[in-house]
Number of protein chains: 2
Amino acid sequence: MGSGATGAAARRAALTPGARRVLDAAAELFYERGINAVGVDLIAQRAQVTKKTLYDRFGSKEALVAAYLRERDERWRRWLPARLDEAARAGGPDPEAVAIARVLATFDALEVWTCRENPRGCGFVNAAAELPDLTHPGRVVIAEQKRWFRDYLRELCRATSASDPDDLADELALLHEGAMVLGGLDAVAEPVPLARRLAVRALTQRGLPAA
Amino acid sequence: MGSGATGAAARRAALTPGARRVLDAAAELFYERGINAVGVDLIAQRAQVTKKTLYDRFGSKEALVAAYLRERDERWRRWLPARLDEAARAGGPDPEAVAIARVLATFDALEVWTCRENPRGCGFVNAAAELPDLTHPGRVVIAEQKRWFRDYLRELCRATSASDPDDLADELALLHEGAMVLGGLDAVAEPVPLARRLAVRALTQRGLPAA
DNA sequence: GCGGAGGTAAACCGATCGGTTTACCTGACT
DNA sequence: AGTCAGGTAAACCGATCGGTTTACCTCCGC
């Protein structure tokens, strides 16, 4: 753990070309068809790799599932803040206004993200449905992801002058989850804007001037 | 469709004792472990029935999955309105107040329901995660369930003097889904009260006196 | 020039998958 | 007395599951 690249980037770069293809194929298949419905043989075939290579790199299907979820989580953690920084730069000089803009920008980001990556609903919620065992390594990643997002929302809310920002963060988390689920079931036409309007209301209720 | 019992009750009563046990066992196992993780052999064993009986009564696993979801849907459709009628009777003589009480009572009902039947999140959302094929008979039942609940919420909202009641109903649906998902992941301590508070805000925003 | 990492190809393992078949038994209704 | 629905018990089917093994090949760095 000395000098040079560390953490997520290092782990990603450390992947063998074959392993990279395996993980990509697994990600696509697990999300689109469900984890238990996809066998390792199919993954190996899609990745143009033998099963031996798959097991040499990942050890087990369980571990591959965890790797899939971990990478999905990392992508989200890298992408979301970048997106919010963009929105913040576009805002005015007023720090309070910027903080509020960042909170609401999470919904604009969600809109883009769900279109691109979540047509079948939240990958973590779907995975949790298939992994009832709480000790499964994938379940641990899911718990970490939900925890991270909650804490991130708290940060954003605390940056505003909202009363009870932690409570506000929980409300926003609920709105995000609801929008993703409804989007996956297409039970409602435009769930994200719906959630955003509810979020605006939650902000104004707390005395914030939400444009 | 002449005299005597009809519809759901008839379908339920029509079940053979063996078939009844199969459906009960399947419901428990499908919900707790996931649909694809449960084999027909295990279901038959739990129901103390041979596989032949299972296939004689249900024809296929697909059909059994659909029957499981259909019964879950029927239970919910029977239970929820009964619950709301209770809440309405407890309300005062003012019809507007009663209508509002019924809307909010959906969240009190949800609280009870999730404790009793949904510790692992919404059974329909979980099932949808495992059934990517939109033509699967189970998927059809899921679509019907979401549709029914949406329409039911619209009814409730239209009974109030809320402006744009259909839109309000969509918001409430989103809050319900969000609360169920968060409850299943226990990412938040008390998701249902959280959703209920957001619902109250949605009502007051529309000029309704939500107690 | 040699060893080890990364890989292919393919056979193999026991277990389980969804589903079928044959033979026999039981109790209720006609 | 006879029929038939609802069942048990158990063998059987081909396919697939997650996972392992053996043998061989290739390229890169020391």
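The surface near DNA strand D is made up of five nonpolar, seven polar and six charged residues. The model is a predicted one. DNA strand D is surrounded by 18 residues, and the closest of them are Lys51(A), Lys61(A), Thr16(B), Gly18(B) and Thr53(B). Sugar or phosphate provides 63% of the atoms of DNA strand D within 4 Å of the protein, and bases provide the rest.

Polar contacts to the phosphates of DNA strand D come from both chains. On chain A, a polar side-chain atom of Lys61(A) is placed 2.7 Å from a phosphate oxygen of the strand, and a backbone N or O atom of Val40(A) is 2.9 Å from a phosphate oxygen. On chain B, an N or O atom in the side chain of Arg57(B) lies 3.0 Å from a phosphate oxygen of DNA strand D. Two or more residues of this surface are given by each of α3 (40–46) and α4 of chain A and α2 (17–33) and α4 of chain B.

DNA strand C is likewise surrounded by 18 residues, with Thr16(A), Gly18(A), Thr53(A), Lys51(B) and Lys61(B) the closest. Of the atoms of DNA strand C that come within 4 Å of the protein, 62% are accounted for by sugar and phosphate. A polar side-chain atom of Arg57(A) is found 3.0 Å from a phosphate oxygen of DNA strand C. From chain B, the side chain of Tyr55(B) places an N or O atom 2.9 Å from a phosphate oxygen of the strand, while a polar backbone atom of Val38(B) is 3.5 Å from a phosphate oxygen. The surface near DNA strand C receives at least two residues from each of α2 (17–33) and α4 (51–58) of chain A and α3 (40–46) and α4 (51–58) of chain B. Its residues comprise five nonpolar, seven polar and six charged.

The arrangement of the two chains was examined next. A turn of 180° with a shift of 0.0 Å along the axis lays chain A on chain B with an RMSD of 0.0 Å. The two copies are therefore related as by a two-fold rotation axis. Within chain A, Gly178(A) has the C-alpha nearest the axis, at 1.8 Å.

In the interface, 40 residues of chain A contact 40 residues of chain B. Because 100% of the interface residues of chain A are also interface residues in chain B, the copies meet through the same surface. The two chains bury about 3200 Å² between them, with 67% of this area on carbon and sulfur atoms. On the chain A side, the residues that lose the most area to chain B are Leu174(A), Leu185(A) and Arg201(A), which together make up 20% of what that side buries.

Ten residue pairs are in polar contact between chain A and chain B, and six salt bridges are found across the interface. One salt bridge joins the side chains of Asp167(A) and Arg197(B), with an N to O distance of 2.5 Å. The side of chain A that touches chain B draws two or more residues from each of α2, α7 (123–130), α8 (137–158), α9 (165–185) and α10 (191–205) of chain A. Of these elements, α9(A) supplies the largest share, 13 residues. By residue class, the side of chain A that touches chain B consists of 20 nonpolar, six polar and 14 charged residues.

Conventions
Residues are numbered from 1 along each chain as its sequence is written. Chains are lettered from A and ligands numbered from 1 in the order in which they are written. This is a predicted model: local features need pLDDT of at least 70, side-chain atom pairs count only at pLDDT 80 or more; totals for chains, interfaces and linings use all residues. Side-chain values use heavy atoms; hydrogens and water are left out. A residue is near a molecule or strand if one of its heavy atoms lies within 4 Å of it. A polar contact is a pair of N or O atoms within 3.5 Å; within protein, one must be able to donate a hydrogen and the other to accept it, and residues adjacent in sequence count only if both atoms are side-chain atoms. Helices (H or I, at least four residues) and strands (E, at least two) are DSSP runs, numbered from the N terminus. Ala, Val, Leu, Ile, Met, Phe, Trp, Tyr, Cys and Pro count as nonpolar, Asp, Glu, Lys and Arg as charged, and the others, Gly among them, as polar. Copies are superposed by least squares on the C-alpha atoms of residues with pLDDT of at least 70 in both. Contact means heavy atoms within 4.5 Å. Buried area is the accessible area (1.4 Å probe) that two parts lose on being put together, summed over both. A salt bridge is a side-chain nitrogen of Lys or Arg within 4 Å of a carboxyl oxygen of Asp or Glu.
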